[in-house]
Amino acid sequence: MSRLMVKAAEPNQDGRILAVSPESAGWQYVGFEVYQLQIGVSLSRMTEGHEACLVLLSGIADIQAAGRTFEAIGKRMSVFEGIPPYSVYVPAGASYEITAHTPVELAVCLAPAKGKYEARLITPADMEVEERGSGSMSRQVVNILPEQKEAESLLVVEVYTRGGNWSSYPPHKHDRDNLPQESYLEETYYHRINPPQGFIVQRVYNDDRTLDETMAVTDGSVVLVPEGYHPVSAPPGYDSYYLNVMAGPTRTWVFHNDPAHEWLFPAPVKKDQS
């Protein structure tokens with residue numbers, strides 16, 4: 001199996017099925033965990049030197065964070081229902097507790113922070129939903145924690161791609177701290193597939209091909225993107241969902257397209273000068 005892919009395991013005593021840390025990934029910024037909680041089960045944690053974005057992938061729960069309580073939040077029972085999630089932002093140096101009202105799948109997105117902002121609920125109404133691309137490159141993007149919203153390091157987004165389509169495409173990268181041309185952002189992709197017996201294809205490659213891996217990714221797996229371009233393809237008959245977590249030294253997403261494939265972008269519309 002590729003060193004860039006981490007598969008889900010059976011839940012441990014806390015319900016955790018996936019964990020990526022800067023140490024395990026060999027990078028500096030992004031941490032990511034997924035938990036499956038049964039009805040009535042609670043999970044308590046301290047953020048310490050990290051901020052967290054708690055994304056209710058599915059299910060309904062109470063969440064207490066940094067002295068605030070958000071009761072019975074959540075609506076969708078599957079990431080494939082086509083509605084945005086409820087999320088909670090938790091600052092560094094704070095505690096949080098989640099208590100499941102229904103079976104819950106929870107993503108915990110982590111990045112270094114100092115505790116600059118307060119805990120808050122992020123509702124579906126707070127999120128921008130956009131259609132990106134066209135034709136077989138079209139997908140739906142839900143901006144959970146974009147750079148226009150308060151956070152110190154984290155950027156969080158989820159993407160839906162219909163079977164037969166491509167996303168994160170044409171290929172782009174963000175692996176150089178070279179603003180304003182490009183920002184350095186580590187990234188994780190948490191993949192879900194509908195129906196779950198399918199697979200998606202993700203390639204991660206850099207310009208000189210010292211990194212060039214193509215993976216058949218199964219449901220519930222994480223792909224690490226330490227550098228390079230990282231397109232995704234959903235085979236016909238299998239819809240793709242992924243949750244992206246990004247973080248780096250500067251909280252901005254400035255990407256660089258693979259020059260070999262820039263011709264795929266539509267030409268700019270010329271304004272009538274008459």
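**Pockets, a hairpin and a buried arginine**

The largest pocket of this structure has a volume of about 610 Å³. Its lining is made up of 34 residues, and those closest to the centre of the pocket are Arg132, Arg139, His172, Trp253 and Phe255. The model examined here is a predicted one. Several strands contribute to the walls of the largest pocket: β12 (128-132), β13 (139-145), β14 (155-161), β19 (186-194) and β24 (239-247) each provide at least two lining residues. Sorted by class, the lining of the largest pocket holds 18 nonpolar, 10 polar and six charged residues.

The second largest pocket encloses about 280 Å³ of space. Here 18 residues form the lining, with Glu33, Met46, Thr47, His50 and Leu110 closest to the centre. Two or more lining residues come from each of the strands β2 (16-20), β3 (31-37), β4 (42-46) and β10 (104-112). Of the elements around the second largest pocket, β3 gives the most, namely four residues. The classes in this lining are 11 nonpolar, four polar and three charged residues.

Attention now turns to a hairpin. Strands β6 (residues 61-65) and β7 (residues 68-73) run antiparallel and are joined by four bridges. One pairing is easy to look up in the structure: glutamine 64 has threonine 69, in β7, as its bridge partner. Two residues lie between the strands of this hairpin, and alanine 66 adopts a positive phi near 50 degrees there.

Following the chain onward leads to arginine 76, which sits in the loop between β7 and β8 (87-90). Is this arginine buried or exposed? Arginine 76 counts as buried because its relative accessible area is 1%, and the cut-off for buried is under 20%.

The surroundings of arginine 76 can be traced residue by residue. Serine 58 is 18 residues away from arginine 76 in sequence, yet their C-alpha atoms are 5.5 Å apart in space. Beyond its neighbours within four places in sequence, arginine 76 touches a set of residues that includes Leu56, Leu57, Ser58 and Gly59, as well as Glu81, Ile83, Pro84 and Pro85. Glu158, Tyr160 and Tyr241 are also among the contacts of arginine 76. Which atom of leucine 57 does the side chain of arginine 76 reach? It is the backbone oxygen of leucine 57, at 2.8 Å. The arginine 76 side chain also forms a polar contact with the side chain of tyrosine 160, at 2.9 Å.

Methods:
Residues are numbered from 1 along each chain as its sequence is written. This is a predicted model: local features need pLDDT of at least 70, side-chain atom pairs count only at pLDDT 80 or more; totals for chains, interfaces and linings use all residues. Side-chain values use heavy atoms; hydrogens and water are left out. Two strands pair if DSSP finds at least two bridges between them. On a 1 Å grid over the protein atoms alone, a cavity is a set of points where a 1.4 Å probe fits but cannot get out, and a pocket is an open set with protein on both sides within 12 Å along at least five of seven lines; lining residues have an atom within 4 Å of a point. Grid points are joined across faces, edges and corners, and a volume is the space filled by probe spheres set on the points. Ala, Val, Leu, Ile, Met, Phe, Trp, Tyr, Cys and Pro count as nonpolar, Asp, Glu, Lys and Arg as charged, and the others, Gly among them, as polar. Buried means under 20% relative accessible area, exposed over 50%, partly exposed in between (1.4 Å probe, protein chains only). Contact means heavy atoms within 4.5 Å. A polar contact is a pair of N or O atoms within 3.5 Å; within protein, one must be able to donate a hydrogen and the other to accept it, and residues adjacent in sequence count only if both atoms are side-chain atoms.
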